[in-house]
Amino acid sequence: MDRSGKRFRRRNAILTTESLAAAPQTCEPAQVSCQTVFVNGRVLTGDPARPRAHAVAVADGVVAALDAEAVDLIDGRVEVVDLAGGALVPSFRDGHVHPLWGGVDLGLAPIAAATSVDELLRQVGDYAAANPDREWITGGGFNHALQTDGVYDAELLDKVVPDRPVLLMTNDYHAAWCNSLALERAGITAGTVDPERGQVLRRGDGTPIGTLLESAVHLVEDLKPKATPQDRLDGLGRAMRQLAAAGITWAQEAALEPADVATYLTAAEQGLLPSDVNIALRSDPARWRAQLDEFRTARESAQGNPLVSVGTVKYFADGVIESGTGALLEPYADAPHSCGLPNWDAGELCEAVAAFDAAGFQTHIHAIGDAGVRMALDAVAHAQRVNGARDRRAVIAHTQLVHPDDVPRFAALGVIANFEPIWAQLDEVMVHLTLPRLGEQRSSLHYPMRTLQQTGARLSFGSDWPVSSMRPLDGLATAVTRQTAAGEPAGGWLPGERLALETALSAYTAGVAFQAFAETRTGTLTVGRSADLCQLSADITALPPGELPDVQVLGTWRRGAEVHRS
């Protein structure tokens, strides 16, 4: 790189272009083969033994030296990256994300950014007009709270697309909005019986409104044209570029079918994976026993691949509270007849988790409501009793509502609490859909990050993208402030659950490295560990936490190789 005119600090001296050229030739083959040195910024190593530094040297894919020892390795063959007063941190890792299908959705109707129902309808109508050859109009990720009751009428979609089926997924991906033609194609009428673990929302006379919950979505979704292999590959490529641009070099793909593994292996062959990926295969309550052999075969297909692994099984314990499908210990405040909609029988989940655990798979359970979380903890405890003690690192993802009696069980069972920290705010979904359904007392238990951390439980962070922003800097801001982007409420929502910046950063880096069984190789900028790095435009320790989303990722390195540069 051209370093003309740039200045670099070396101990107490100023490094100029001339002094760099005159620097001692320390990178001899018999010594450290140094490729890159990062200088002139705040280095947050994440290593408790040495948390701060001012320079980092990278050699042969690992951190070779810090501080003065790193600067001493500068010579004419070394690339010097000027942090320019910004920061260098361990690269981020996403402990729960959906790159494949999120990427495919990026190529469909662009509805995720709609701020009103009218705007969304305009976008759908424009997309349909611009794509007259598409048999179906589909899209994902629209704000579930655009209607304050979360219910969407087919007749509104009929006005903009009357001639083709329309299927739109909410941003939690647990509900769908269909037009009348889509309902007709699926044969959904007043006489249709709700499927197991799903619900068709209805008018007073029993006819379908157009909103489907949980497994009822599949009544329509299974009819739409399938994404082609090239669609999937293109979508994955789009998503992976975004992950790298967000500073992420490892991702837990959170729910796929065995057939989807081939897309990842092809992407790896074609150089489309700037982040390493572990795939979680989704277990089906109706056929999990048959899936045991299928999942073993899928795992074997990726063995030896340096970028892709298949080591995890995903379970959906319940749905989501905003739709009334999250499993609660006590009835919903607005639906006293209902405690939600568990996706598994509790005993069956215990059996399935124990069986896949015995086969060597890591456990990853979606659990939102307090009953869902308890069911998940019970399943992990059962696997331990049946299969004996081992380093299994089971993960409970989302961990939205935890009953106080279950808080100490995370540390006791060695369960990792995977949070999507950006959800811990009073956004529209929380205010209009979630809190009214829980009442004040239960609402005070939301996202107990600090409570669990103080018990000794392990935390990891993720995004659940495309449900929410994949940018870790957005999640960091919420974890530290518990505020919306507008800074509301003052002091934060449930401020006792706010995390220190260093703790939140660790959950995005070392915490997910632990989840990935990789904490001895990566997750901190420690000499000898993998050089997985993220360059930030500002020193995040010197900013008001509310300004963290404004910080830009300027570069991302995986094992010392640049995978993104802004």
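Where does Trp-493 lie? Trp-493 sits in the loop between helix H17 (472-481) and helix H18 (501-508). The legends below start with the whole chain and then move to close-up views of this predicted model.

**Figure 1. Overview of the predicted model.** The protein has 19 helices and 23 strands. Its C-alpha atoms fill a box of roughly 85 × 55 × 50 Å along the principal axes. The radius of gyration is 25 Å, which agrees with the value near 24 Å that a compact globule of 566 residues would have. Of the 566 residues, 57% count as buried. Among contacts between residues at least 6 apart in sequence, 72% join residues at least 24 apart. The exposed area is about 21,900 Å², and carbon and sulfur atoms supply 51% of it.

**Figure 2. Surroundings of Trp-493 in the loop between H17 and H18.** Trp-493 counts as buried because its relative accessibility is 9%, under the 20% cut-off. Setting aside residues up to four places away in sequence, Trp-493 touches Ala-424, Gln-425, Leu-426, Met-430 and Leu-435, among others. The contact list also includes Ser-443, His-446, Tyr-447, Thr-481 and Arg-482. Ala-302 serves as a distance reference: Trp-493 and Ala-302 are 191 residues apart in sequence and 43 Å apart in space, C-alpha to C-alpha.

**Figure 3. Backbone of Tyr-447, one of the contacts of Trp-493.** Tyr-447 is found in the loop between helix H15 (440-443) and helix H16 (449-454). Its phi is positive, about 45 degrees, although Tyr-447 is not a glycine. Most residues other than glycine have a negative phi. Tyr-447 is buried, because its relative accessibility is 2%.

**Figure 4. Backbone of Arg-197, a non-glycine residue with positive phi.** Phi of Arg-197 is near 65 degrees. The residue lies in the loop between helix H6 (180-185) and strand E12 (198-202). Is Arg-197 buried or partly exposed? At 22% relative accessibility, Arg-197 counts as partly exposed.

**Figure 5. Cis peptide bonds ahead of Pro-466 and Pro-489.** The bond from Trp-465 to Pro-466 is cis, with omega near 15 degrees. Pro-466 lies in the loop between strand E20 (459-461) and H17. A cis bond also joins Glu-488 and Pro-489, where omega is about -10 degrees. Pro-489 is found in the loop between H17 and H18, where Trp-493 also lies. Most peptide bonds are trans.

**Figure 6. Thr-249 in strand E14 and its contacts.** Strand E14 spans residues 248-256 and holds Thr-249. Thr-249 is buried, because its relative accessible area is 2%. Beyond residues up to four places away in sequence, Thr-249 touches Ser-91, Phe-92, Ser-275 and Asp-276, among others. The contacts also include Asp-532, Thr-556, Trp-557 and Arg-558.

**Figure 7. The second largest cavity and its lining.** The structure holds two cavities of 30 Å³ or more. The second largest has a volume of about 30 Å³. Which residues line the second largest cavity? Pro-90, Ser-91, Arg-93, Thr-522, Gly-523, Thr-524, Leu-525, Ser-530 and Asp-532 do. The lining divides into two nonpolar, five polar and two charged residues. Ser-91 and Asp-532 belong to this lining, and Thr-249 touches both.

Methods
Residues numbered from 1 in each chain as written. Predicted model: local features only at pLDDT ≥ 70, side-chain atom pairs only at ≥ 80, totals over all residues. Heavy atoms only, no water. 1 Å grid on protein atoms, 1.4 Å probe; cavity = no way out; pocket = protein on both sides within 12 Å on 5 of 7 lines; lining within 4 Å. Points joined across faces, edges and corners; volume = space filled by probe spheres on them. Nonpolar A, V, L, I, M, F, W, Y, C, P; charged D, E, K, R; others polar. Helix = DSSP H or I, 4+ residues; strand = E, 2+ residues; numbered from the N terminus. Rg over C-alpha atoms; globule rule 2.2 N^0.38 Å. Buried < 20%, exposed > 50% of the residue type's maximum accessible area, 1.4 Å probe, protein only. Contact = heavy atoms within 4.5 Å. Areas by Shrake-Rupley, 256 points an atom, 1.4 Å probe, with all protein chains shown as cover.
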